[in-house]
Amino acid sequence: MIPLLDLKRQYASIEPELEAAALAVLQSGEYVLGRRVAHFEEEFAAYCGVKEAVALNTGTSALHLALLAAGVGPGDEVITVPMTFVATVAAIRYTGAKAVFVDVDPATWTMDPGKLRAAVTSRTRVVLPVHLHGRLADMASINAIARRHRLTVIEDAAQAHGAERHGRRAGAFGQSGCFSFYPGKNLGACGEGGALVTDDAGVARTARLLRDWGQDGKYNHVCHGFNYRMDALQAALLSVKLKQLPAWTDGRRRVAARYDRALKGSAVARPTACDGLDHAWHVYAVQTDRRDHVQAELAQAGVATGIHYPRPVHLQPAYADLGYGQGDFPVSEALADRLLSLPIYPELTDAQIDGIASSLQRICGAFHAEPLV
Ligand SMILES: *Cc1c(COP(=O)(O)O)cnc(C)c1O
């Protein structure tokens, strides 16, 4: 069986370095924040090409603090997409603001800038695009619209470590970029982790205060904060893994390119082409009208697959009170019904990729799946 994700194989490839780093933390007695966390922050900021990174316990916390640092609160509206992991919308809810959705573009599956303009109201404060599956949203258009309406842009870059356009990396396009280091992400901790990156010294200062109980000096609480701190063990392990990230990202791009080549001209609807670097390939998803059938047949053939995500957030029971319903965001709804994620990680061999592609073609060959575009 080819798993959807193979974290044991990744671990095996850098086992001695990870074990040495973990042992050093255990022996140090310094377990939360501290020197190793500060060191990882410097390295990750440099990787993203921004001035500051604030290391946190999760990516969800990064979104929450980025919104708070932008001044978002009750009465405000934050525009995002329904085709995302629920955390994007949960973070908006934590602030007391209202999430307003716009549909995604049928070719890129990220925020449709043409629909963004119409969703802006006098209450809109922030635009929160999601780099879904690791593909950069159209940040040039989104930033232009945001500038015109004086809105702050915050990127949900939880899936997009290292995606870049014109030499700028995910996280460096908005006021803040929010990353997750959940184990399965392109840069994953051995536990939970996240980071907010920014060029804005004020945002970084606010995020540092809020992640540690609003403390400005020990037991001097200047604002209402949270316990969103990163622990030293995760920071040390992430520093080891960050060294591998450029090679891992290249590896993901190699897998995606090989899938593209192998599936070209077949009945399988692939992701649309993009600039070589603007996609970090957290997920490689094909589209099919008969997803359950294809998924079951692939499992029979020894290939595990996933669905990211089977239901858009506007149709989740938890967010029914936002007042949306079936048919409001047809592109997101169609993608939720049709997307099927194939295994993608740098350790996949060419033979495995070719085997997956040929199984998929054999299964889909019997019928033609019409792509959305
Ligand atoms: C993973 C993810 C998050 C949340 O990150 P956590 O570290 O799990 O809190 C937010 N948004 C998107 C798009 C994600 O994929």
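**Salt bridges, helix packing and backbone turns**

Biologist: How far apart are the closest N and O atoms in the salt bridge that Asp278 forms with Arg165?
Modeller: A salt bridge is counted when a side-chain nitrogen of Lys or Arg lies within 4 Å of a carboxyl oxygen of Asp or Glu. For Asp278 and Arg165, the closest N and O atoms are separated by 2.2 Å.

Biologist: How many residues apart along the chain are Asp278 and Arg165?
Modeller: Helices (H or I, at least four residues) and strands (E, at least two) are DSSP runs, numbered from the N terminus. Asp278 sits in the loop between H9 and strand S10 (284-287), while Arg165 belongs to strand S6 (residues 164-165). The pair therefore links distant parts of the chain, and the two are apart by 113 residues.

Biologist: Before we go on, what kind of model is this, and what do side-chain values leave out?
Modeller: This is a predicted model, in which local features need pLDDT of at least 70, side-chain atom pairs count only at pLDDT 80 or more, and totals for chains, interfaces and linings use all residues. Residues are numbered from 1 along each chain as its sequence is written, and side-chain values use heavy atoms, leaving out hydrogens and water.

Biologist: Which partner is buried, Asp278 or Arg165?
Modeller: Buried means under 20% relative accessible area, exposed over 50%, and partly exposed in between (1.4 Å probe, protein chains only). Arg165 has 29%, so this residue is partly exposed. With a value of 2%, the buried partner is Asp278.

Biologist: Which residue forms a salt bridge with Arg258?
Modeller: The closest N and O atoms of this pair are 3.4 Å apart, and the partner is Asp350. Arg258 lies in helix H9 and its partner in helix H12, so the pair ties together parts that are 92 residues apart in sequence. Both residues are partly exposed, Arg258 at 22% and, at 33%, Asp350.

Biologist: Which residues do shared salt bridges join into one network?
Modeller: The structure holds 16 salt bridges in total. Some of them share partners, and these join into one network Glu41, Glu52, Arg208 and Arg211.

Biologist: At what angle do helices H9 and H12 pack?
Modeller: Two packed helices are described by the angle between their axes and the distance between the axes. Axes are lines fitted to C-alpha atoms, for helices over the stretch in contact, with angles from 0 to 180 degrees between N-to-C directions. H9 (residues 232-263) and H12 (residues 350-364) have their axes 9 Å apart, and their packing angle is about 40°.

Biologist: Which residues of H12 are met by H9?
Modeller: Contact means heavy atoms within 4.5 Å. From H9 come Arg254, Val255, Arg258, Tyr259, Ala262 and Leu263. On the H12 side they meet Asp350, Ile353, Asp354, Ile356, Ala357, Leu360 and Gln361.

Biologist: What is the omega of the peptide bond between His308 and Tyr309?
Modeller: Most residues other than glycine have a negative phi, and most peptide bonds are trans. Tyr309 is in the loop between helix H10 (291-300) and helix H11 (330-338). The bond that joins His308 to Tyr309 is cis, with an omega of about 5°.

Biologist: What phi does Leu33 have?
Modeller: Leu33 is in the loop between H2 and helix H3 (35-48), and counts as buried because its relative accessibility is 15%. Although Leu33 is not a glycine, its phi is positive, at about 50°.

Biologist: And what is the phi of His133?
Modeller: His133 is found in the loop between strand S4 (124-127) and helix H7 (139-148). The residue is buried, with a relative accessible area of 2%. Its phi is also a positive value in a residue other than glycine, near 65°.

Biologist: Which residues does Met83 touch, not counting residues up to four places away in sequence?
Modeller: Met83 is in the loop between strand S2 (77-80) and H5. At 1% relative accessibility, Met83 counts as buried. Its partners include the cis pair His308 and Tyr309. The full list is Val104, Leu132, His308, Tyr309, Ser332, Leu335, Ala336 and Leu339.

Biologist: How far apart are the C-alpha atoms of Val89 and Ala99?
Modeller: Val89 lies in helix H5 (residues 87-94) and is buried, with a relative accessible area of 2%. Among its contacts beyond four places in sequence are Phe101, Val313 and Ala99. Val89 and Ala99 are ten residues apart along the chain, and their C-alpha atoms are separated by 6.5 Å.
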